[in-house]
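Please read the following note with the sequence and the model open beside it. The points are numbered so that each may be checked in turn.

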Amino acid sequence: MSIRDLDWSSWLDRTSGEGTKWLLWGLDNMIWPIVVVTFTIFAILMPQVFTSASNIQFMLYSSAGLGALVLAESLCLLSGNFDLSIGSIAGFSAMVTALFLNTWFPGTPGLVGVVLVLFVGGAIGFVNGVSIGYFGINPFLQTLAFFIIFRGAVFLLSTITIAPLPESYLFVGGALIGDLPGLAGADSLWVFGGIPIAVPLIIVLYAGAWFMMNYRRIGLAIMAVGGDENAAEEAGIPRERVLLIVFTASGLLSGLAGLLYTGYLSAAPPGLAEGDLFPAFAGAVIGGISLDGGRGDIKNAFGGMFLLTMIQVGLVQVGVGGDAIQFINGLVLLVAIYLYTTESKIRRRLLST
């Protein structure tokens, strides 16, 4: 029996009023029951390993770079667009900055590198925004071109891993909270001292993005443009400016991802973030960000990112090989697309009754 054969109509017709509201809420947040079920399965398979606080912390830490890319892609999708260049921007920004600090201008303070990696990412995103928003370039073609250009540019710059890099540059992606100035010895004195800085950073980043999308004018404008560009323009929302902001933010977040990955690895390899475009896209879609734009919740995108990381870490811990993990990740994305399609049909039916 296929989805088309299911008798949704008679069931949905009985759903109205308060029931409809709660059912819509459940559809919007279905990522979290999936996260709980997946976590429970791995917890049963590996009760002492998978459920430990250190393992949960490791999952959040290892996914920080991907989390920045998922957030970047989510913002683009909410605006009714997408960005295929995020992984290449992350890798290029990280490589340029690593060469700047290690080879071109050795001895430069790491803080300069932090500013540079964000600037490079933001500048590329700005060009994307101008091209798409003001010149009307198709976002697929624009970001695909930059995906190819900057992935190739990374290997033109260097075919080897760049290291060492200043500790002050690696600090954001690799240090612990206990390493912050004034918190010396926090590992033994403070329960949060051993948590990597990247973990609360990515959580705060998602919380800030969620607040912006729900309570600030720019967030509402992004949703409006993603929902209906013509209606948004009639309401006086400047579509071009909104897209410029969205793609610049996407570039900044991609640069941040490059910084987080570099700190996590303590080096900048030429393949950094090379395969992360589709996991980032999958994390956003699994988290319920609409492919049609204008609908979705940033907190659920965080859930989608964490689900992907949890599956990957869990499979590695039970002994599944890398090729099999890639195959399973593809299946997860396919299931997410089916769930999204079914959810959209149910939503349309609910809103029409």
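Is Glu229 buried, partly exposed or exposed? Glu229 counts as partly exposed, because its relative accessibility is 30% and the partly exposed class lies between the buried limit of under 20% and the exposed limit of over 50%. The reader should keep in mind that this is a predicted model.

1. The first salt bridge. The structure holds two salt bridges. In one of them, the side chains of Arg239 and Glu229 meet with a distance of 3.0 Å from N to O. The pair links distant parts of the chain, with Arg239 in helix 14 (residues 239-265) and Glu229 in helix 13 (residues 229-234), ten residues apart. Arg239 is buried at a relative accessible area of 16%, whereas its partner Glu229 is partly exposed.

2. The second salt bridge. Asp297 and Lys299 form a salt bridge in which the closest N and O atoms are 2.6 Å apart. Asp297 has a relative accessibility of 17% and therefore counts as buried, because the limit for that class is under 20%. Lys299 has a relative accessible area of 35% and is partly exposed. As a general remark, side chains of opposite charge can pair when their charged atoms come close.

3. An edge-to-face aromatic pair. There are ten aromatic pairs in the structure. One of them joins Phe82 and Phe140, whose ring centres are 6.3 Å apart and whose planes stand at 70 degrees, an edge-to-face arrangement. This pair links distant parts of the chain: Phe82 belongs to the loop between helix 5 (64-78) and helix 6 (86-104), Phe140 belongs to helix 8 (residues 139-157), and 58 residues separate them. Both are partly exposed, Phe82 with a relative accessible area of 26% and Phe140 with a relative accessibility of 38%.

4. A tilted pair and a cluster. The ring centres of Phe211 and Tyr215 lie 5.4 Å apart with the planes at 35 degrees, so this pair is tilted. Both residues lie in helix 11 (residues 198-215), four residues apart, which is about one turn of the helix. Phe211 counts as partly exposed at 41% relative accessibility, while Tyr215 counts as exposed at 51%. Elsewhere, Phe39, Phe42 and Phe50 form one aromatic cluster.

5. A nonpolar surface patch. Which residues make the nonpolar surface patch of about 550 Å²? The patch is made by Tyr134, Phe135, Ile137, Phe140 and Leu141. Phe140 thus deserves a second look: this residue of helix 8 belongs to the patch and also forms the aromatic pair with Phe82.

6. The largest nonpolar core. This core has 93 residues, and those touching the most other members are Phe92, Tyr169, Tyr206, Ile286, Ile298 and Met310. Leaving aside residues up to four places away in sequence, Tyr169 touches Thr97, Leu101, Gly110, Gly113, Val114, Val117, Leu259 and Thr262.

7. A buried glycine. Gly87 lies in helix 6 and counts as buried, with a relative accessibility of 3%. Gly87 and Gly255 are 168 residues apart along the chain, and their C-alpha atoms are separated by 9.3 Å. With residues up to four places away in sequence not counted, Gly87 touches Arg151, Leu272 and Ala273.

Key: Residues numbered from 1 in each chain as written. Predicted model: local features only at pLDDT ≥ 70, side-chain atom pairs only at ≥ 80, totals over all residues. Heavy atoms only, no water. Core = buried A, V, L, I, M, F, W, Y, C linked by side-chain atoms within 4.5 Å. Buried < 20%, exposed > 50% of the residue type's maximum accessible area, 1.4 Å probe, protein only. Contact = heavy atoms within 4.5 Å. Phe/Tyr/Trp six-rings, centres within 6.5 Å; stacked < 30°, edge-to-face > 60°. Helix = DSSP H or I, 4+ residues; strand = E, 2+ residues; numbered from the N terminus. Patch = residues over 30% accessible without salt bridge, like charges linked within 9 Å, V, L, I, M, F, W, Y side chains within 5 Å. Areas by Shrake-Rupley, 256 points an atom, 1.4 Å probe, with all protein chains shown as cover. Salt bridge = Lys/Arg side-chain N within 4 Å of Asp/Glu carboxyl O.
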